[in-house]
Amino acid sequence: QVHLVESGGGLVQAGGSLRLSCAASGNSFRLLNMSWNRQAPGKQREIVAVISNGGVTNYADSVRGRFTISRDNAKNTIYLGMNNLKPEDSAVYSCYAAFQYGDSRLLRDTWGQGTQVTVST
């Protein structure tokens, strides 16, 4: 089993910054694409940013230029730097990972529990 644990959420004023972390743990796994996603009350979950195992990134239009996704493969961790936060960025932020075990080609995936980000006016 691969577990993802997010941290770094909290309450911040509009215009402020936060940095989220998502650490993966388990035995004999290889992380592939990973992403940050968010869900606000009454809204569908949306993909915020994606990063491949080679470091290629992509962002939702709503956060491009303000958020930065990065990963440290040695630590099995991805990060989301969030600048110039807006009240509409308030949501539960969850990370997602696609992975493989050992020499297996079978693709698996898992989600973290999420961390709350609240941006006040």
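**Exercise 1. Find the aromatic pairs in the structure and describe the one between Phe99 and Tyr101.**

Solution. A search of the whole structure gives 2 aromatic pairs. One of them joins Phe99 and Tyr101, with ring centres 5.2 Å apart and planes at 80°, and is edge-to-face. The rule is that rings of Phe, Tyr and Trp (its six-membered ring) pair if their centres lie within 6.5 Å; planes under 30 degrees apart are stacked, over 60 edge-to-face, and the rest tilted. Next, take the accessibility of each partner. Phe99 is buried at a relative accessible area of 4%, and Tyr101 is partly exposed at 22%. Here buried means under 20% relative accessible area, exposed over 50%, and partly exposed in between (1.4 Å probe, protein chains only).

The model is predicted: local features need pLDDT of at least 70 and side-chain atom pairs count only at pLDDT 80 or more, while totals for chains, interfaces and linings use all residues. Residues are numbered from 1 along each chain as its sequence is written, and side-chain values use heavy atoms, with hydrogens and water left out.

**Exercise 2. Determine which rings Arg19 and Arg45 lie over, and at what distance.**

Solution. Apply the criterion to each arginine: a charge sits over a ring if NZ of Lys or CZ of Arg is within 6 Å of the ring centre and within 35 degrees of the ring normal. For Arg19 the ring is that of Tyr79, and the distance from the ring centre is 4.0 Å. For Arg45 the charged end sits over the ring of Trp111, at 3.7 Å from its centre.

**Exercise 3. Describe the secondary structure and the overall dimensions of the protein.**

Solution. Begin with the elements: there are 11 strands and 0 helices. Both are DSSP runs, numbered from the N terminus; helices are H or I with at least four residues, strands E with at least two.

Then take the dimensions. The C-alpha atoms fill a box of roughly 50 × 25 × 25 Å along the principal axes. The radius of gyration is 14 Å, which agrees with the value near 14 Å for a compact globule of 121 residues. That radius is taken over C-alpha atoms, and the globule rule is 2.2 Å times the number of residues to the power 0.38.

Finish with burial and contacts. Of the 121 residues, 43% are buried. Among contacts with a separation of 6 or more, 55% are between residues 24 or more positions apart; contact means heavy atoms within 4.5 Å. The exposed area is about 6600 Å², of which carbon and sulfur atoms supply 46%. Accessible areas come from the Shrake-Rupley method with a 1.4 Å probe; for residues, only the protein chains shown count as cover.

**Exercise 4. Locate Asn76 and Asn84, and state the sign of phi in each.**

Solution. Start from the general rule: most residues other than glycine have a negative phi. Asn76 has a positive phi of about 50°, and phi of Asn84 is also positive, near 50°. Asn76 lies in the loop between strand 7 (67-72) and strand 8 (77-82). Asn84 lies in the loop between strand 8 and strand 9 (91-101). Asn76 is partly exposed at 26% relative accessible area, and Asn84 is partly exposed at 44%.

**Exercise 5. Compile the surroundings of Ser21 and Ser25 in strand 3.**

Solution. Ser21 lies in strand 3 (residues 18-25), and Ser25 lies in strand 3 as well. Ser21 is buried at 19% relative accessibility, whereas Ser25 is partly exposed at 38%. Leave out residues up to four places away in sequence. Ser21 then touches Val5, Glu6, Ser7, Trp36, Ile78 and Tyr79. On the same basis, Ser25 is in contact with Gln1, Val2 and His3. Finally, Ser25 and Gly81 are 56 residues apart along the chain, with 21 Å between their C-alpha atoms.

**Exercise 6. Place Tyr96 and Ile47 in their strands and list their contacts.**

Solution. Tyr96 lies in strand 9. Beyond four places in sequence, its contacts are Leu4, Asn33, Met34, Ser35, Asn37, Asp109, Thr110 and Trp111. The side chains of Tyr96 and Asp109 are joined by a polar contact of 3.0 Å. A polar contact is a pair of N or O atoms within 3.5 Å; within protein, one must be able to donate a hydrogen and the other to accept it, and residues adjacent in sequence count only if both atoms are side-chain atoms. Tyr96 is 18 residues from Ile78 in sequence and 10.0 Å from it in space, C-alpha to C-alpha.

Ile47 is placed in strand 5 (residues 46-51). With neighbours within four places in sequence left aside, Ile47 is in contact with Trp36, Asn37 and Ala60. Ile47 and Leu32 are 15 residues apart in sequence, and their C-alpha atoms are 16 Å apart.
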